[in-house]
Amino acid sequence: MKERGFNALDVRMMMHKPDRIYASPGTDRWIVDARLRGKRWRDILEPDPVQREMVIITAYPLRRRS
């Protein structure tokens with residue numbers, strides 16, 4: 001997270017009011033499109049059935065289309 005310029009609190013802020021949440025086709029993962037400090041991000045989540053929680057697999061900024 002640190003190398004991408006956000007921390008655990010930032011992730012919580014992204015999850016608080018996501019723009020969109022949808023299932024990733026063909027996987028057990030979920031995709032969350034969110035905003036942080038005016039920039040668009042995509043977070044990939046995967047459920048951990050043993051711990052009964054969602055695990056953040058990765059998060060990356062979305063670039064504008066040219």
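What percentage of the 66 residues of the protein chain count as buried? In the predicted model examined here, the share of residues that count as buried is 26%. The secondary structure of the chain consists of one helix and four strands, and these elements follow one another along the sequence in the pattern α-β-β-β-β. Taken along the principal axes, the box filled by the C-alpha atoms is roughly 40 × 25 × 20 Å. Among the contacts with a separation of 6 or more, 20% are accounted for by residues 24 or more positions apart.

The accessible surface of the protein chain amounts to about 5500 Å², and carbon and sulfur atoms contribute 50% of this area. A nonpolar patch on the surface is formed by Ile21, Trp30 and Met54, which together have about 300 Å² of accessible area. Of these residues, isoleucine 21 is located in strand S1, and its relative accessible area of 52% places isoleucine 21 in the exposed class, because that class begins over 50%. With regard to charge, the chain carries 15 positive and 9 negative charges, and the mean positions of the two sets are 9 Å apart.

Four salt bridges were found in a search of the whole structure. One of them joins the side chains of arginine 37 and aspartate 10, with an N to O distance of 3.2 Å. Arginine 37 belongs to the loop between S2 and strand S3 (39-48), whereas aspartate 10 is part of helix H1 (residues 8-16), so this salt bridge ties together parts that are 27 residues apart in sequence. The two partners fall into separate accessibility classes: arginine 37 is exposed, with a relative accessible area of 58%, while aspartate 10, at 8% relative accessibility, counts as buried.

A further salt bridge connects arginine 35 with aspartate 19, and the closest N and O atoms of this pair are 3.2 Å apart. Here, too, distant parts of the chain are linked, since arginine 35 lies in strand S2 and aspartate 19 in the loop between H1 and S1, 16 residues apart. Arginine 35 counts as partly exposed at 47% relative accessibility, and aspartate 19 is likewise partly exposed, at 47%.

The side chains of arginine 29 and glutamate 46 also meet in a salt bridge, for which the N to O distance is 2.7 Å. This pair links the loop between S1 and S2, where arginine 29 is found, to strand S3, which holds glutamate 46, the two residues being 17 positions apart. Both partners count as partly exposed, arginine 29 with a relative accessibility of 30% and glutamate 46 with one of 28%.

The loop that contains arginine 29 also includes serine 24, which is found between strand S1 (20-23) and strand S2 (30-36). With a relative accessible area of 17%, serine 24 is classed as buried, because the limit for that class is under 20%. When neighbours within four places in sequence are left aside, serine 24 is in contact with Arg29, Trp30 and Ile31. Two of these contact partners recur elsewhere in the description: Arg29 forms the salt bridge with glutamate 46, and Trp30 belongs to the nonpolar surface patch with Ile21 and Met54.

Methods
Residues are numbered from 1 along each chain as its sequence is written. This is a predicted model: local features need pLDDT of at least 70, side-chain atom pairs count only at pLDDT 80 or more; totals for chains, interfaces and linings use all residues. Side-chain values use heavy atoms; hydrogens and water are left out. Buried means under 20% relative accessible area, exposed over 50%, partly exposed in between (1.4 Å probe, protein chains only). Contact means heavy atoms within 4.5 Å. Patches are made of residues with over 30% relative accessible area and no salt bridge: like charges are joined within 9 Å, nonpolar side chains (Val, Leu, Ile, Met, Phe, Trp, Tyr) within 5 Å. Accessible areas come from the Shrake-Rupley method with a 1.4 Å probe; for residues, only the protein chains shown count as cover. Lys and Arg count as positive and Asp and Glu as negative; His and the chain ends are not counted. The place of a charge is taken as NZ of Lys, CZ of Arg, CG of Asp or CD of Glu.
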